[in-house]
Amino acid sequence: MTSFTLILHIYNSPLALVVTPLAMASYSFLVKTLNDAGNSMIIKRLPDKSWIGERVKMKFFTKKNIQRLGQLLEKKEKEIFALGKPW
């Protein structure tokens with residue numbers, strides 16, 4: 001699957017993130033910083049359409065910021081979420 005870049009503004013500073021869809025699970029994405037400083041995490045969309053982070057090492061990725069990132073993903077990857085995959 002193809003990776004793409006998203007810009008998320010945290011504390012009024014842009015943060016470039018490389019996002020890679022994971023083929024092994026629906027609605028799961030590997031997220032790491034553009035400079036790949038070893039800080040990667042996986043975010044997943046839950047059945048209630050909220051988002052959760054796993055292996056979060058970056059302290060500024062609060063629950064609120066993970067939800068914002070999930071909303072950006074939904075806007076960017078409309079075709080993935082339009083398929084309406086059953087849970």
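**Close-up 1. Strands 3 and 4 pair in the antiparallel sense.** Five bridges link strand 3 with strand 4 (residues 40–45). One bridge joins S28 to K44, its partner in strand 4. The model shown here is predicted.

**Close-up 2. The sheet is open and has 5 strands.** Their order is 1-2-3-4-5, with antiparallel pairing. Strand 1 (4–10) and strand 5 stand at the edges. Each has a single partner strand, so one side of each is left without a neighbour in the sheet. On average, neighbouring strands are turned by 35 degrees against each other, direction ignored.

**Close-up 3. Helix 1 lies across the strands of the sheet.** Helix 1 covers residues 63–76. It lies across strand 1, strand 2 (13–21), strand 3, strand 4 and strand 5. Relative to strand 1, helix 1 runs at about 140 degrees.

**Close-up 4. F29 and W51 form an aromatic pair.** The structure holds 1 such pair. The ring centres of F29 and W51 are 6.2 Å apart. Their planes stand at 45 degrees, so the pair is tilted. F29 belongs to strand 3 (residues 28–33) and W51 to strand 5 (residues 51–54), so the pair ties together parts that are 22 residues apart in sequence. F29 is buried, at 1% relative accessible area. W51 also counts as buried, with 5% relative accessibility.

**Close-up 5. A charge sits over the ring of Y27.** The charged end belongs to R45. It lies 5.3 Å from the centre of the Y27 ring.

Notes. Residues are numbered from 1 along each chain as its sequence is written. This is a predicted model: local features need pLDDT of at least 70, side-chain atom pairs count only at pLDDT 80 or more; totals for chains, interfaces and linings use all residues. Side-chain values use heavy atoms; hydrogens and water are left out. Rings of Phe, Tyr and Trp (its six-membered ring) pair if their centres lie within 6.5 Å; planes under 30 degrees apart count as stacked, over 60 as edge-to-face and the rest as tilted. Helices (H or I, at least four residues) and strands (E, at least two) are DSSP runs, numbered from the N terminus. Buried means under 20% relative accessible area, exposed over 50%, partly exposed in between (1.4 Å probe, protein chains only). A charge sits over a ring if NZ of Lys or CZ of Arg is within 6 Å of the ring centre and within 35 degrees of the ring normal. Two strands pair if DSSP finds at least two bridges between them. Axes are lines fitted to C-alpha atoms, for helices over the stretch in contact, and angles run from 0 to 180 degrees between N-to-C directions. Contact means heavy atoms within 4.5 Å.
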